[in-house]
Structures are given as C-alpha cells and as structure tokens.
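Open the model in your viewer and keep the selection panel at hand. The stops below go from the whole chain to single contacts.

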Amino acid sequence: MDQARTTISKIFNGEPHSYTRFNLTQNMEGDASQVEMKLSSDVDEVVGGNGVGDRRLSHNSNHNSNRRAYVTQKLGRSPRSLCFMAVGTLLIFIIGFLIGYLVYQKNDVASLCKSTAMPFREPPPHETGAAPLMDWDDVKTLLSQKLSTDKFESVFSEFTNSDHQAGSQGDEYLANKVIKKLAESGMKTWTDQHFVKVQVPPASGSNKIKFKDQSEERPEGFLSYSATGTVSATILYAHYGQEVDFRMLRDKNVDIDGRVVLVRAGRNSFAEKVANAAKMNASAVLIYPDPADYSFADTTQLFGHVHLGSGDPYTPGFPSFNHTQFPPIQSSGLPKILAQTVSARTAAGILRELGGPNEPEGWGGVNRLGGETDVITVEVNNVLTERKIHNVFGVIEGFVDKDRYVVVGAQRDAWGPGFAKSTVGTSVLLELARSISEMKRKDGFKPRRSIVFASWSAGEYGSIGATEWLEGYLSSLSMKAFSYINLDGVVSGVNGFKVSGSPLMYGLIQNALNGVTSSNRPPSLLSQFGNGNWEANILEPLQLDNAAYPFLTFSGIPSVSFRFTAGSSEYPYFGTLQDTREKLNAATSNQVPQLAQAATRFAGHMVLRLVHDRLLWIDVTQYYKAMIGQIVQINGKVKDVKRLRPQLFPKDVKVQWLSSALGSYGRASRALADDIQNSDLEDIEVCRIINDRIMTVERNFLSPYISPRDAPFRHILLGSGPHTLKGLINHLDGLKVGHPETDVDLFRNQFALVTWTIQASANSLAGDVWMMDS
C-alpha cells in the first residue's frame, strides 16, 4: 500500500501539500472489510501530528519547490507520464477488485454459517439483583384477582372428610388429592414418609372412671401418650391446672401429693396441665370442658395428647424414618402419670359431691376442693401402635436465590371431621399455591426466592409430621428456610384477629395487617382489629401446641401463625368430633369462604413480600426490644436476692455482662441497618450476604449448650426450660423465697450460658470476625 500511495502521489501531486490516504481496516464486530479514503490537508496533519503525511511532510520539506517545478514540467507532454498514469489506474482497479472479492467471500461464509449453525445470541445481561420483577402493588392486585369465594366452596367440598385421623386410609386419600392439586398447578411435588408411634384407645375394653358409689364411666374421648394403669386416690379440684393455680394451692397448704387432679380445659394445653400436676406429685389428671368456657352439649367428648413436646416422643431429636434404628428411648416430655378427659356432665356429678375447703375466690368461689373421703378410681388402657404417615410438598422455584425458601404449611389430619382445624387450612394452602403458581406461569411474576407448600399429617398428636420433617432435614433447613407460615385453624370466628410469632416478623405482620382487609373493601385488618395498638390487641404468645412452635423454638426458623377468632370466646369444637362445616358456619355468621379468602390474602401478602423484595422483611432490631424487658427484670430480681439473702451471691457475681451482651446485640443490629443503607442493593451478592446475616439471628438464639433430646425447644427467649430468660426469672423467684429445688451455682451456670448465647448472636450478626464487638 505504501508503494501504491507513493506512485499515486507522484502522478497526482499537483498540490504538494495534499495527498490521498487509503486505509484498510477490518471491522472487529465481524462485518466485511472496508476501504477508507481520506483526503488530508496540511492543517489536518499538523493538528493530528502523528500521521504518515506528517512524517512525509517533515522529510521532504527541503525539496518541495524543486519537485513541484519538475513534475509540472513533465506532466502532460511525456509518454512516460501517461504510462505511469495508466499503471496507477490499473493498480487502483486491481486493489478495489481484490477488496470487493474478499468482502463477498466473507459475507458468503457468514451466510452459510448462519444457515447451518445456531444463531448468534447476545449474552444475557448481568443479573444485578434488580431482575425484571413486578411492582409490589401489581403483585398484591394480581393475587387478589386470583382468589374468589366460589373457588373456596369447591375446595371445601372436595376436602371435607369425616374420617381422616393420622395414618388412616382417609388421611392417605386426602394426601393423594393434595399432591394431585399441587401437580396440576405446575409445581414439582414429592412426599415424605415417616413411621411414628401414637397411642390410641384400646380396641377391646375401654378407659374407666368411678367416683365413690356412682356408676362407672367409660369415656370415648382419650389423651394420647398418657401413662397406663390404674390409680385410686382422693380427688382435688385445681381450676385450669396452670402453675399459678398449683402455687395458690400450695400457699394454702393444700396437700397435692398422690391425689387425682380435676382441672378445666382451656388457657393452657393438655400437656402443660399434666406436666404441672406431675411436678406437684399428683397421681393422675382428669380434664373436662366447663360450661362457662364451652357452649356445647354436656356429653361432648374431648380428644388430645399430653406429650410436653412435639414430634414422635419415641424418637426425640431424631427423624422417624423406617431405615433408622435407635435404642429404646423416650422424650423427657412424656408424662409418668395417668391422664384422661371426661365430659362436662361427668365432671358436674363429681363437683357436686366434693367436700373439703372452698376453692379460692379468684377461681369463682363456687366449688369445693375435695376432702379425704372423695376417692376416685381412674383406669387408662391406651395402646401404643405404629403408623405410617405422609407429608406432601410442592415448590414454586425462585429466579434469583432459588435455594432460599419460605415454607407454608397446614395440618391435614383431625380427630373427626376437623373442618375448622384442618379442612379450611388445607384449602387455604391449596388456593394460595394455585394462585401464586398461576401468577408465575401466566402473568410473568418472578419470585426471587422459592416457596415450599407442605401438607402435614399427625398434627393432632403434637405436630408430628412437621417436627419429623424438621428433625430429618435440620442441617439443610436451618441454612435455607428463612420463614414458616402456619395455616392451621385460620378461621374459627369473625369478631377478632390474632397473630403470634417471632419478633423478627413483627414488621412484616404489621405491613400485612395494613395491606389486607377482611373483605375486598376497607378498613384494613390493622384498623379493624388493632384499635390503635396492634401489638397489644392482636399479638398473642405462640403456644406449645401450635405447629409453628417447633419451627421457631426447635429449628430457629422465624415463624408466624394467625387466625380469625370469635373475639372474647374461643371456638369450642377443636379437639371434638363436632368440628363440622355447620358448626363453623354458626360461629362465623356463614362467612367461612369470605374469611378463608381474607386469610389467604393475609398469608399471601407475607409470603409474596418475603420472596419479592431484595432484602428479607425481617427486622433484627425487634429482639433488642423483646430482650430488654426481661433483662431489666433479671437485674432487679438479682438485686432483691442479694439484699434479702446476701450469703447466696459472692461479691464478684455481676449481672452487667448480660447487659453488655444485650448492648452488643443492639450495636450489631444498628450496624446492619447502616450497612444496608450504604450497600448497593442492585448487586445480587451484596443482598445475599446481608440476607444470610439476617437469617442467622433466630438460629443463634437456640442454646448450643443443651441437648435437643433433653430440651428440644432450645430458644432462650421463646422456648421452654431453665435455659431460657424466663427460666432465669423463675429460678430467681425460687432463690428469693428459699425454694428447696433452687441452686445458686446452677443459676450462675445458666446465667453465664444465656449471656454468651446472646453475645454469640451479636457476634454473628456483626458479620465478619474483624467486625465483632469485643
């Protein structure tokens, strides 16, 4: 090309400071080669300062005038110059032809490749965390559009069953229908089998009760996991069988040792009543529904269990899979005394004939407590048997953090029809699954995280299905499941609304209360039931017999449970054979479908918020508020014990370390908030790191210093046992009055372990080791 340029310059060099540049460049994007012809002047070359023309200009500056005269003289009248012109023209033509040929060949090859190979695709844009997601308001609207009362009526009819006890054919039949429904919604489904031990009434014979010379009673109701045998002893009325009730009896010097205790149903679980009686050395417990609390017929029978725990009590802390073999072992929550339910009519016949002192006025002052001649015989012949149960699952997979998921679950079994207990919850589960699945498949909704829908069996025996699943997959779930939403008993009335769960979920709960109505028109649930203070009027403690309890206190997964209630009174038919659609219609003024739809919107709001936003809707600062009240109590009680019994605590025992640990947690939670403010939330990895820090909080409140077999509910704030903050408070109360079961060294040990559990949670929340507060 340089030679061609020189020749052409010689031929057309009529203007010494102008020349023609040919620039052959190849398009780096794969297009054809091209020829660039650029006319450069002296001004351009000087300004550019780095072109070929600039260098040539410098080299020949001394000879310009002579060469101009010479060429001018020769042009136009020399055959030699004409020959040069012809050669130059031919050379230009040849170069142009070659370039055109190469361009044609390249385009031809490109066309051939296009027709025989995969088409070229632009690489997908880098996912930054801002995936093409719907606006939140559009997500809420879309969910509401998917739900209708007619659809609920259809599901109610399909899943109403009068006989679906855990492990029965009816239970398995419903499990198959659930998995079919989930599959029809386009979800991946699977099942989980467990072989669990449950107690059932004797196939031949019965449980028996005989009071004085009255006729023998053979109740149909029973309490699973009771001790078996026969006891004859004097009977003692103990109100609701709460700890405060037994303390009141003890303070009145009432002898409880070896007696059969008669208590009312309600206010605490059957298992807690029996455990409280056993601690007072009673020999048996009879539980009845008092007409003041239960508005059904006085012959209605009660069913339940008395295992102070959850899951299969014969594989505590371990899953009840068929291929696992454990030595004979029992849960520490199994009672060693007899327990049986009786009807209100049977209890009334006993209470009428009781002697002894009057009950405390705080209990009503109506009944007598029982005297030395009030002897009753209780015989329990329950049979322990093994049953195969099925948990059923479906999943909607996320688009960004597929391996992080919220679990939504509902109990499927019941003692009888169980319409409010299990049918409504199962229907809400299936309608929520169908709606969100349609949003994803048909409307373009893209959840960041996954949603697992679970149908549990053996819920009536103490959340066995749910707990066995947790025990079987604990190591995976604790790192990946970031929340659990419980749908059991979500509709039991129309005049009230209650929510219980982890403090981490309070912000999400309030957001859902404010964004959901009980119908499709205002007011919101927050305005309707909050009365200006939703935490006081809507929040309630999470109870031991709630399926969300093991998720939270055993597995460390933030959990929520909620329900429409009858207001001041409770739905009376849970745990009976009368829990039917007709009874629930009467309790809700025939608004069951409308309330189920509202419950689905409330659950759906929480679920969708958890999988839609970049950061999890989990507020870690709430635990600082939850702990501070109890820690202030502990500090005050320690001072009281030191003042009243100074010999118990050495001078070096200080409670400031507990306050210091609380302060560390408060600083770590505020530091996380600052990190969020200063982070690029468009970045997937940044969001994932922050979310992982958030997810560790609940799990780190599980005490690592106790065995799940001995104390499965290890959560130091919401669990049960001496390792909890409440346990420390109770221990201090005992030390203050010199209770014989208290021990100051044991208290100091428990105090130290609770303190370090809180400090360790703060360290984990802080993030990397160099960020920890020492």
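The tour starts with the whole protein and then moves through selected helices.

**Whole protein**

Begin with everything displayed, bearing in mind that this is a predicted model. Colour by secondary structure: the protein has 25 helices and 17 strands. Switching to a colouring by accessibility, 51% of the 774 residues count as buried. A contact map is useful here too. Among contacts with a separation of 6 or more, 79% are between residues 24 or more positions apart.

**H8 and H12**

Select residues 169–184, which form helix H8, together with residues 419–442, which form helix H12. The two helix axes lie 9 Å apart and make an angle of about 20 degrees. An angle under 35 degrees counts as roughly parallel, so H8 is roughly parallel to H12. The crossing of H8 past H12 is right-handed.

Now show side chains at this contact. On the H8 side, pick Val178, Lys181 and Leu182; on the H12 side, pick Thr426, Leu430 and Ala433. By class, the residues of this contact are four nonpolar, one polar and one charged.

**H19 and H20**

Next, select residues 581–588 for helix H19 and display H20 with it. At what angle do the axes of H19 and H20 cross? They cross at roughly 80 degrees and come within 9 Å. Angles of 65 to 115 degrees count as roughly perpendicular, and H19 and H20 are therefore roughly perpendicular to each other. From H19, the contact takes in Arg581, Leu584, Asn585 and Thr588; from H20, Val592, Pro593 and Leu595. The contact of H19 with H20 has four nonpolar, two polar and one charged residues.

**H20 along its length**

Keep H20 and extend the selection to residues 592–612. Place a distance label between the C-alpha atoms of the first and last of its 21 residues: the helix reaches 29 Å, close to the 30 Å expected at 1.5 Å a residue. Then add a surface for the surrounding protein. Is H20 mostly covered or mostly exposed? H20 is mostly covered, with 20 of its 21 residues buried.

**Val632 in H21**

For the last stop, select residues 622–644, helix H21, and pick out Val632 within that helix. The relative accessibility of Val632 is 54%. The cut-off for exposed is over 50%, so Val632 counts as exposed. Finally, add Ser659 to the selection. Ser659 and Val632 are 27 residues apart in sequence, and their C-alpha atoms are 8.6 Å apart in space.

Methods:
Residues numbered from 1 in each chain as written. Predicted model: local features only at pLDDT ≥ 70, side-chain atom pairs only at ≥ 80, totals over all residues. Heavy atoms only, no water. Axes fitted to C-alpha atoms, helices over the stretch in contact; angles between N-to-C directions. Helix = DSSP H or I, 4+ residues; strand = E, 2+ residues; numbered from the N terminus. Parallel < 35°, antiparallel > 145°, perpendicular 65-115°, else oblique. Left-handed = near helix turned anticlockwise from the far one by under 90°. Contact = heavy atoms within 4.5 Å. Nonpolar A, V, L, I, M, F, W, Y, C, P; charged D, E, K, R; others polar. Expected span 1.5 Å × (residues − 1). Buried < 20%, exposed > 50% of the residue type's maximum accessible area, 1.4 Å probe, protein only.
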